[in-house]
Amino acid sequence: MNQYKAALVGYGGMGRWHKTGICKTDRILITGAYDINPERMEQARQDGLKTYESYEALLADREIDIVIVATPNNFHLPQSCQAMEAGKFVVCEKPVTMSSDELQEMMDCSKRTGTKFTIHQNRRKDADYLAMRDVVEKGLLGEVFQIESRVTGSRGIPEGWRQYRVAGGGMMLDWGVHLIDQMVMMMSPAKVTDVYCELYNVNYKECDDGFKLIMHFENGPSVMVELGTSHFISAPRWYVCGNRGALIIPNWDCNGKIIRASEHEVRWEEEIIYTKAGPTKTMAPRAKDTIEEIAIDGDKWNSDYDYFYRNLADYLDGNAELTVKPEEAMRVMKIMEAAFESHYTRSVIKCNI
Ligand code: NAD
């Protein structure tokens, strides 16, 4: 097993987290950083990193095998290509680029230089997602026909570049990439056949501060992904329905429950039920003896963030495939573009992504 050295460009919130939180394997050592902000450079030195006077100086350091690009989104393409031209392996933060054309340019650069890159689409091992997938993949809900994935808060878009279109701001590029990636990985190799999306501009005109996206996978369920930053009451993180049962995971605590049919046939109540909101027969609660409730214990599920760098070390040693491949990022990028097109044309976009 070899040991590799990495340096960061961009030592803000995420750059620092790569150093202090994510990269735990001693097979990859993050040893240096460059940031345009002197305060961030000072922070990097305090964290024990060598700092460089320019990005070019970082790239000229022969000790560095890997460059981690953690700058605002509009710098990802030029800085990643510059690093590949310098012969460095690139880990680029998500969203890899601002468009599929830009990503194609990055892939062409990789081909031309013979240098590879991966993308830090790192929410494939989040505890809540793993818990949800486990239930679906064990077939506990029967045939799943609807998945709702939501992340909602009420604090708006964070200050800074995320509020500006030119920098690749907006919540679709910020969070959409993760939530769509999770669904694409779960449904793969099924392709997305259509996309409908509404972007929200509740408090910000320039960039979307949320979105609701509905997509269908071939022969698969309807998937809704919603992200909101003006939602003072949060809807559940996961709500999944199958023909034998349903799952709910309310929030990131990952505790949840499954309610499933203990018998297949639906037993109708003889009488109409009179609720506070009026009478119903169709929506009457099921008899208790026809359902079972199974708790999802959040403590059983843990997020695994450092798998990304363990995988990268294995890949560089020649012992594994990259966990996040550029082609996978391209699918996500194209789905996001279909979502933007859907919003601006107020139409369903037919596709084969
Ligand atoms: P940030 O604003 O906290 O940090 C960005 C840093 O880049 C700042 O320190 C800034 O001074 C520096 N910078 C700006 N332009 C630069 C340039 N040309 N050269 C060198 N440094 C430059 O932003 P952040 O939250 O750390 O986000 C950075 C990237 O990480 C974004 O692409 C974002 O989408 C991504 N991110 C990913 C995740 C994830 O879960 N994978 C989470 C948060 C952010």
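**Figure 1. A33 and its bridge partner T51 in strand 3.** This is a predicted model, in which local features need pLDDT of at least 70, side-chain atom pairs count only at pLDDT 80 or more, and totals for chains, interfaces and linings use all residues. Residues are numbered from 1 along each chain as its sequence is written, and side-chain values use heavy atoms, with hydrogens and water left out. Helices (H or I, at least four residues) and strands (E, at least two) are DSSP runs, numbered from the N terminus. Strand 2 pairs with strand 3 (residues 50-51) in the parallel sense, over 2 bridges. Two strands count as paired if DSSP finds at least two bridges between them. Strand 2, helix 2 (residues 38-46) and strand 3 form a right-handed β-α-β unit. Right-handed means that, with the strands pointing away from the viewer, the path from the first strand over the helix to the second runs clockwise.

**Figure 2. Strand 1 beside strand 2.** Strand 1 (residues 4-9) runs parallel to strand 2, and 6 bridges join them. A7 has G32 of strand 2 as its bridge partner. The chain passes from strand 1 through helix 1 to strand 2 in a right-handed β-α-β crossover. Of the 7 residues of strand 2, 5 are buried, and the strand is mostly covered. Buried means under 20% relative accessible area, exposed over 50%, and partly exposed in between (1.4 Å probe, protein chains only).

**Figure 3. The salt bridge between R27 and D314.** The closest N and O atoms of R27 and D314 are 2.8 Å apart. R27 sits in the loop between helix 1 (13-22) and strand 2 (28-34) and D314 in helix 8 (residues 307-316), so the pair ties together parts that are 287 residues apart in sequence. R27 is buried at 14% relative accessible area. D314 is partly exposed at 26%. A salt bridge here is a side-chain nitrogen of Lys or Arg within 4 Å of a carboxyl oxygen of Asp or Glu. The whole structure holds 22 salt bridges.

**Figure 4. The salt bridge between R124 and D181.** The N to O distance between the side chains of R124 and D181 is 2.8 Å. The pair links distant parts of the chain, 57 residues apart: R124 lies in the loop between strand 6 (117-120) and helix 6 (127-137), and D181 in helix 7 (residues 171-187). R124 and D181 are both buried. Salt bridges link R124, D181, E321, K325 and E328 in a network.

**Figure 5. D134 and K138, joined by a salt bridge.** N and O of these side chains are 3.1 Å apart. D134 is partly exposed, with 23% relative accessibility. K138 is exposed, at 57%.

**Figure 6. Helix 4 packed alongside helix 5.** Two packed helices are described by the angle between their axes and the distance between the axes. The axes of helix 4 (residues 76-85) and helix 5 (residues 100-113) come within 9 Å and cross at roughly 5°. Axes are lines fitted to C-alpha atoms, for helices over the stretch in contact, and angles run from 0 to 180 degrees between N-to-C directions. Helix 4 and helix 5 are therefore roughly parallel to each other. From helix 4, H76, L77, S80, C81, M84 and E85 make the contact; from helix 5, E102, E105, M106, C109, S110, R112 and T113 do so. Angles under 35 degrees count as roughly parallel, over 145 as roughly antiparallel, 65 to 115 as roughly perpendicular and the rest as oblique. Contact means heavy atoms within 4.5 Å.

**Figure 7. Strand 7 in an open sheet of 9 strands.** The strand order is 16-13-12-11-7-10-9-8-17, with mixed pairing. Strand 16 (291-296) and strand 17 (349-350) stand at the edges with a single partner strand each, so one side of each has no neighbour in the sheet. Strand 7 (residues 144-152) has 7 of its 9 residues buried, so the rest of the structure largely encloses it. Strand 7 runs antiparallel to strand 11 (residues 238-242), joined by 5 bridges. Q146 has C241 of strand 11 as its bridge partner. With strand 10 (residues 222-228), strand 7 pairs in the parallel sense over 7 bridges. In strand 10, E226 stands opposite R150, and L227 stands opposite V151.

**Figure 8. M187 in helix 7.** Helix 7 lies across strand 7, strand 8 (192-200), strand 9 (210-217), strand 10 and strand 11, and runs at about 20° to strand 9. M187 is buried, with 14% relative accessible area. Apart from neighbours within four places in sequence, M187 contacts I147, F217, P221 and V223. The C-alpha atoms of M187 and G220 are 7.7 Å apart, although 33 residues separate the two along the chain.
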